[in-house]
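Reader: I would like a close look at a single part of this model, the pocket, followed by the strands, core and charged pairs. Please give the cut-off for each term as you go.

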Amino acid sequence: MRKMVLSVMSLAVLALAGCGSSTSSPTESGAASASSTAAATAGSVSGTITVRGPIQPSPNAQLVINLVDVSSTQAGSAPLASKTVSSGATFPYSFQLDFKPGEINPADLYVVKAILTDGARHYSMPIQAPVLTKGNKNQATIELVAEQTPAEKDLADFNALVKQIGGMKVSTGTKLDPNASRGWQVFRQNGEVKVIRELVDYGDKGFTSTDFAYRNGSPWVAVQQKKASKDAAPSSTDRASWTENGMVVLHEQQTGGKSGELDADDASSLRQQALTIYNLAGGNKKK
């Protein structure tokens, strides 16, 4: 009789354990689904945008914030919500985007995209900011990083190229003009002119040292130092770059430690000098 009582009690304990198991907390996938549903039905997403690094945007920068469905089936579709701040945004910047909950598909992936432009400079998002579905909340923390401007990229690529000329094939030349004497070195790679370094002595009118870089036979970048004489310190440095069709990209002049914009006529003169020395040095003829 005692054995039977123990067996019944054991069964009761097992039954209670089974009941406890069936009423345990939801699974992680269930919790994520519930979180996604709650976020999607909230009707808005909010967050903060910061700009990392020393290059901060000016008061004239434009900020555009979009809520976008980035699912493969929705690629290129219009944003579900958008906000534009034409100028005056201060960072960290707090935002809120309102949307229609009925437009949210729980199976899709939604992100907040921040687009910040400041003149020629763009700021990018190194990390995506997913929201609303697939376990993501209706809040986003966004960090933006400054990209190089086209002018900065040209100058950085030019400096990298000049460091490589020691391994290129080099030829030299000289020419005596009525008012100046000039000499040059041509640096070629696979028969193509990459850099021409020109030194021009104008006598008592000064001296110039210029590095001209080329792409596909067209002037690309020019950096010219102007001096009182060959061994004097530069009084100014002009920097310019162009697209292959001649549009100015970089136009900078440095004088006395201060940088400013290079005059359009001076930039045009540099490009003409690049064309003249290119033809004088024989262009892309193999030497």
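Author: Helices (H or I, at least four residues) and strands (E, at least two residues) are runs assigned by DSSP and numbered from the N terminus. The model is a predicted one, in which local features need pLDDT of at least 70 and side-chain atom pairs count only at pLDDT 80 or more, while totals for chains, interfaces and linings use all residues. Residue numbers start from 1 along each chain as its sequence is written, and side-chain values use heavy atoms, with hydrogens and water left out.

The pocket comes first. A pocket here is an open set of points on a 1 Å grid over the protein atoms alone, where a 1.4 Å probe fits and protein lies on both sides within 12 Å along at least five of seven lines; lining residues have an atom within 4 Å of a point. Volume is the space filled by probe spheres set on the points, which are joined across faces, edges and corners. For the largest pocket that volume is about 230 Å³. Three elements each supply at least two residues of its lining: strand E6 (121-124), helix H3 (150-162) and strand E15 (248-255). The lining includes Asp118, Gly119, Ala120, Arg121 and Tyr123. Also in the lining are Thr149, Pro150, Ala151 and Glu152, together with Val249, Leu250 and His251. By class these are 6 nonpolar, 3 polar and 3 charged residues. In that count Ala, Val, Leu, Ile, Met, Phe, Trp, Tyr, Cys and Pro are nonpolar, Asp, Glu, Lys and Arg are charged, and the others, Gly among them, are polar.

Next, the strands. Two strands pair if DSSP finds at least two bridges between them. Strand E1 (residues 44-52) pairs with E4 in the antiparallel sense, over 6 bridges. One of the residues involved is Ser46, whose bridge partner in E4 is Gln96. E4 itself covers residues 93-98, and its side chains alternate. Tyr93, Phe95 and Leu97 point to one face and are buried, whereas Ser94, Gln96 and Asp98 point to the other face and are not. Buried means under 20% relative accessible area, exposed means over 50%, and partly exposed lies in between (1.4 Å probe, protein chains only). In a regular strand, side chains alternate between the two faces of the sheet.

Phe95 also appears in the largest nonpolar core. Such a core is a set of buried Ala, Val, Leu, Ile, Met, Phe, Trp, Tyr and Cys residues joined through side-chain atoms within 4.5 Å. This one has 26 residues, of which Leu67, Phe95, Val112 and Ile142 touch the most other members. Two or more residues come from each of E1, strand E2 (62-69), strand E3 (81-85), E4, strand E5 (110-118) and E8. E5 gives the most, with 4 residues.

The charged pairs follow. A salt bridge is counted when a side-chain nitrogen of Lys or Arg is within 4 Å of a carboxyl oxygen of Asp or Glu. The whole structure has 11 of them. In one, the closest N and O atoms of Arg52 and Glu143 are 3.0 Å apart. Arg52 is in strand E1 and Glu143 in strand E8 (residues 139-146), so this pair ties together parts 91 residues apart in sequence. Both ends are partly exposed: Arg52 has a relative accessible area of 44%, and Glu143 has 35%.

Another group is a salt-bridge network of Lys175, Asp177, Arg182 and Glu198. Within it, Asp177 and Arg182 meet at 2.9 Å, N to O. For Arg182 and Glu198 the closest N and O atoms are 2.6 Å apart. That second pair links distant parts of the chain, with Arg182 in strand E10 (residues 181-189) and Glu198 in strand E11 (residues 192-201), 16 residues apart. Asp177 is buried at 18% relative accessibility, Arg182 is buried at 19%, and Glu198 is buried at 4%.

Some backbone details remain. Most residues other than glycine have a negative phi, and most peptide bonds are trans. Phe91 and Pro92 are joined by a cis peptide bond, with omega about 5°, and Pro92 is in the loop between E3 and E4. Lys134, which is not a glycine, has a positive phi of about 55° and sits in the loop between E7 and E8. Asn190 also has a positive phi, near 55°; its place is the loop between E10 and E11, and at 79% relative accessibility it is exposed.
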